[in-house]
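Here are my notes on this one, jotted down as I went through the model. Have the viewer open while you read.

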Amino acid sequence: MRLLVAVLWGVLIALAAWGLAAGTALLTPQELAFVLGLSVFMLLASRLIWGYGALAAFAQAALAGEEPDRSRAENEARVPEPERLGLAALASFWLAALEPYRYAFYAAYAVLFAITLATKLTLPLPNAWAWITGSLLLEGVFWGASAAVLTVWALAQLATVFTIRLAAHAVEHES
Amino acid sequence: MMKSRHGNAASVLVWTLVLALLLGFAVGSFSAASRARAAVKAAEELAAGIPPSPVVTAARYDKANRSLVLRVLNPGLVPLQLVNQSLVFKPGAQSEEAAYALAALPLGLEVGPLSELEVRLKLKPESRELAAGDVLAATVTYTHPFSKDLYALTHVFEVTKAAAKGQEVPEPEQPGLNAPKKEVK
């Protein structure tokens, strides 16, 4: 049985590798640049995506009146004695802890945006064709990064909305 | 419940959807443009490998310079070298000039890719003016970068009344002497 599963997994991985190779072979260089930008920025954003996703789930569970798992939140929130905090405060500290990563991520995106725009503004004096293709490759990286940024932005908004609602909920119940 | 100024989950979802649609539109057109560019480049590379074949689009008799001027079009993507010219003159009923032939006078012209050039073929020096009914068979030899062979282009020009006055005659309006005759066995 284990052997069968291993063989099936092997076949699946081989098929995926084949699909990936065939897919990239059919792509234009600009589309490959898009895939490159998307994967690099997704990698940069992974901490934010998982963080905001878990925070949104945590806050949503707390809003629904369930008792969410505090262990991850207590690890993420940078505050002494997090175990003494309420759920809303814990979520707020967790949200604040993700802020530096979000700033660094948006900064990288802003730098990429500035460089892309700068290549669009320079004159193609020495070699027009190389300029066009080079500039377009950078533009492809930029569009790929934009898709990752949209994902991060949406999750950050969602996590913020749930955290604020949780805080408002806590304030109402205290009073 | 206290109303939050940070909106709610539904508005975040709607905004994300709108932005995702815009981004998808931009990425899709970027990808489609890159594909179109790649297709044009591939077509150009393909066409650049096809040997060019010159086409005579029009001809005229230049009375002052005593020459036959052919408009030669190079429809290919590589240059053509016109090496030399030959001319066979066959007098019509109104002509007082005897038949003659000029062979292999050097031309040394280059017709660039996708361009047209006026090629001046000198008639026999001190010959009489062309009259309606005369026939000139002009042959231009040429080479192209893909072969060391010498190719020949022959254009038969029948002098009409208009052509005798020096008017340019486009190829389709010329008398059909260039069309191949049906072979009789």
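1. Start with the sheet in chain B that runs E4-E3-E6-E7: four strands, open, with antiparallel pairing. Strand E4 (100–111) and E7 of chain B sit at the edges, and each has a single partner strand, so one side of each is left without a neighbour in the sheet. From one strand to the next the twist averages 20°. Keep in mind throughout that this is a predicted model.

2. Now walk across that sheet. E3(B) and E4(B) run antiparallel and are joined by eight bridges; for a register check, B:Gln81 has B:Glu110 as its bridge partner in E4(B). Next comes the pairing of strand E3 (residues 80–90) of chain B with E6(B), also antiparallel, with nine bridges. Here B:Ser86 is partnered by B:Thr139 in E6(B). On the far side, E6(B) is joined to strand E7 (residues 151–158) of chain B by eight bridges, again antiparallel, and B:Val140 stands opposite B:Leu153 in E7(B).

3. Which side chains of strand E6 are buried, and which are not? The strand (residues 135–143 of chain B) alternates: B:Leu136, B:Ala138, B:Val140 and B:Tyr142 point to one face and are buried. B:Val135, B:Ala137, B:Thr139, B:Thr141 and B:Thr143 point to the other face and are not buried. So B:Val140, the residue opposite B:Leu153, is on the buried face, as 20 or more other C-beta atoms within 10 Å is what counts as buried.

4. Chain B has another open sheet of four strands, in the order E5-E2-E1-E8, with antiparallel pairing. Its edge strands are strand E5 (115–122) and strand E8 (169–170) of chain B, each pairing on one side only. Strand E1 (residues 55–62) of chain B pairs with E8(B) in the antiparallel sense over two bridges. Look for B:Ala59, which stands opposite B:Val169 in E8(B).

5. Two backbone spots in chain B deserve a click. B:Arg66 has a phi near 50°, a positive value in a residue other than glycine. B:Arg66 is in the loop between E1 and strand E2 (67–74) of chain B and is partly exposed, with 17 other C-beta atoms within 10 Å. B:Ala104 also has a positive phi, about 50°, although it is not a glycine. B:Ala104, however, is found in strand E4 of chain B, and it counts as exposed because 11 other C-beta atoms lie within 10 Å.

6. Over to chain A and the largest nonpolar core, which has 39 residues. The members that touch the most others are A:Leu55, A:Ala56, A:Ala59, A:Ala91, A:Val152, A:Ala159 and A:Leu166. Helix H2 (29–63), helix H4 (87–121) and helix H5 (128–174) of chain A each supply at least two residues of this core, and H5(A) gives the most, with 16 residues. To see how the packing works around one member, centre on A:Leu55: leaving aside neighbours within four places in sequence, A:Leu55 is in contact with A:Ala91, A:Trp94, A:Leu95, A:Ala159 and A:Thr163. Apart from this core lies another, of 22 residues, among them B:Tyr142, B:Phe157, B:Val159 and B:Ala163.

7. How many residues does each chain bring to the contact? Chain A gives 21 residues and chain B gives 19 residues. On the chain A side, the elements giving two or more residues are H2 and H5 of chain A, and H5(A) gives the most, with 17 residues. By class, that side has 11 nonpolar, six polar and four charged residues.

8. One helix pair in the complex is worth a separate view. The axes of H2(A) and helix H1 (residues 9–47) of chain B come within 8 Å and cross at roughly 145°. Here A:Gln30, A:Glu31 and A:Phe34 in H2(A) meet B:Val27, B:Phe30, B:Ser31 and B:Ser34 in H1(B). By class, this contact has three nonpolar, three polar and one charged residues.

9. On confidence, the mean pLDDT of chain B is 86, and 91% of its residues reach 70 or more. For the complex, the predictor gives an ipTM of 0.81 and a pTM of 0.71.

How values were computed
Residues are numbered from 1 along each chain as its sequence is written. Chains are lettered from A and ligands numbered from 1 in the order in which they are written. This is a predicted model: local features need pLDDT of at least 70, side-chain atom pairs count only at pLDDT 80 or more; totals for chains, interfaces and linings use all residues. A nonpolar core is a set of buried Ala, Val, Leu, Ile, Met, Phe, Trp, Tyr and Cys residues joined through C-beta atoms within 7 Å. A residue is buried if 20 or more other C-beta atoms lie within 10 Å of its own, exposed if 12 or fewer, and partly exposed in between; C-beta atoms are placed from the backbone. Two residues are in contact if their C-beta atoms, placed from the backbone, lie within 7 Å. pLDDT is the predictor's confidence in each residue, from 0 to 100. Two strands pair if DSSP finds at least two bridges between them. Ala, Val, Leu, Ile, Met, Phe, Trp, Tyr, Cys and Pro count as nonpolar, Asp, Glu, Lys and Arg as charged, and the others, Gly among them, as polar. Axes are lines fitted to C-alpha atoms, for helices over the stretch in contact, and angles run from 0 to 180 degrees between N-to-C directions.
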